[in-house]
Amino acid sequence: MSIWKRIGNIFSKPEAPAAPKSMLDLSPGDICEVSLVTYEVTGRTQTSGRNAVVLTLRDGSSIGYLYIEQREQLQYALYQPIDGRLDNPAEVPATLELDDYTYYLEEEYEGYASVTGQTPYTNGGQQHVWQYQSDESRLLRVEWQNGRFMLYEGEKVIPGDVKVIRA
């Protein structure tokens, strides 16, 4: 090694450490913990125009979906898929009754969904989403994409119960 290279190394700045990934940045292969359960991220869906993502999580044989949205602070909701059917996206009601619970429409949006990994929809495309909440704070999410409906039931998760294990 030449003397000039040695002198240059003495005065050079060390490389900045890589910034840790946030929950919004996770992708397939990463590991996270939600409410003391460790999951592998197997898929990721992000809708254009929203600072939100839905992660497909796998814990052994069970699959869940973590909805993460950045507002004033990160908000989380953990969903499980449920059986159900709707016929037409133009006829999704503002109030849904399911298993003795009444759900009220809170938010409706649409946009282009980009997908990575294993998700309910195999490729990206235009996606329409309806998010509901019951008086008992139970959540319901309805998605429509490529002529197919998916229904999910879930609950909010407090931010302290969610963390990145390995990114």
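The following paragraphs go through a predicted model, from a helix with a nonpolar surface patch to an annotated domain and several residues in its strands and loops.

The helix α1 covers residues 3-11. I3 is located in this helix, and its relative accessibility of 55% is why it is classed as exposed, the cut-off for that class being over 50%. I3 also takes part in a nonpolar patch on the surface, together with W4, I7, I10 and F11. The area of this patch is about 660 Å².

The next region is taken from a record. An unreviewed UniProt entry assigns residues 28-158 to the feature "domain: DUF4178". In the model, this stretch is 68% strand and 0% helix. The C-alpha atoms at its two ends are 23 Å apart.

Within that range, the loop between β1 (31-34) and β2 (37-47) contains S35, and L36 is placed in the loop between these strands as well. The backbone angles deserve a look here. Most residues other than glycine have a negative phi. S35, which is not a glycine, has a positive phi of about 50 degrees. For L36, also a residue other than glycine, phi is positive and near 65 degrees. How exposed are the side chains and backbones of these residues to the probe? S35 counts as partly exposed because its relative accessibility is 36%, a value between the limits of 20% and 50%. L36 has a relative accessible area of 76% and is therefore exposed.

Two strand residues are considered next. Q133 is part of strand β8, which runs over residues 125-134. Its relative accessibility is 15%, so Q133 counts as buried; the class requires a value under 20%. Which residues does Q133 contact, leaving aside neighbours within four places in sequence? They are T102, Y103, Y104, E106, R138, L139 and K156.

E143 belongs to strand β9, made of residues 139-145. With a relative accessibility of 4%, E143 is counted as buried. When residues up to four places away in sequence are not counted, E143 touches Y121, Q127, H128, V129, R148, F149, M150 and Y152. Among these contacts, Q127, H128 and V129 fall within the residue range of β8, the strand that holds Q133.

In short, Q133 in β8 is buried, E143 in β9 is buried, and L36 in the loop between β1 and β2 is exposed.

Conventions: Residues numbered from 1 in each chain as written. Predicted model: local features only at pLDDT ≥ 70, side-chain atom pairs only at ≥ 80, totals over all residues. Heavy atoms only, no water. Helix = DSSP H or I, 4+ residues; strand = E, 2+ residues; numbered from the N terminus. Buried < 20%, exposed > 50% of the residue type's maximum accessible area, 1.4 Å probe, protein only. Contact = heavy atoms within 4.5 Å. UniProt positions renumbered as here; feature names shortened; annotations may be inferred. Patch = residues over 30% accessible without salt bridge, like charges linked within 9 Å, V, L, I, M, F, W, Y side chains within 5 Å. Areas by Shrake-Rupley, 256 points an atom, 1.4 Å probe, with all protein chains shown as cover. Salt bridge = Lys/Arg side-chain N within 4 Å of Asp/Glu carboxyl O.
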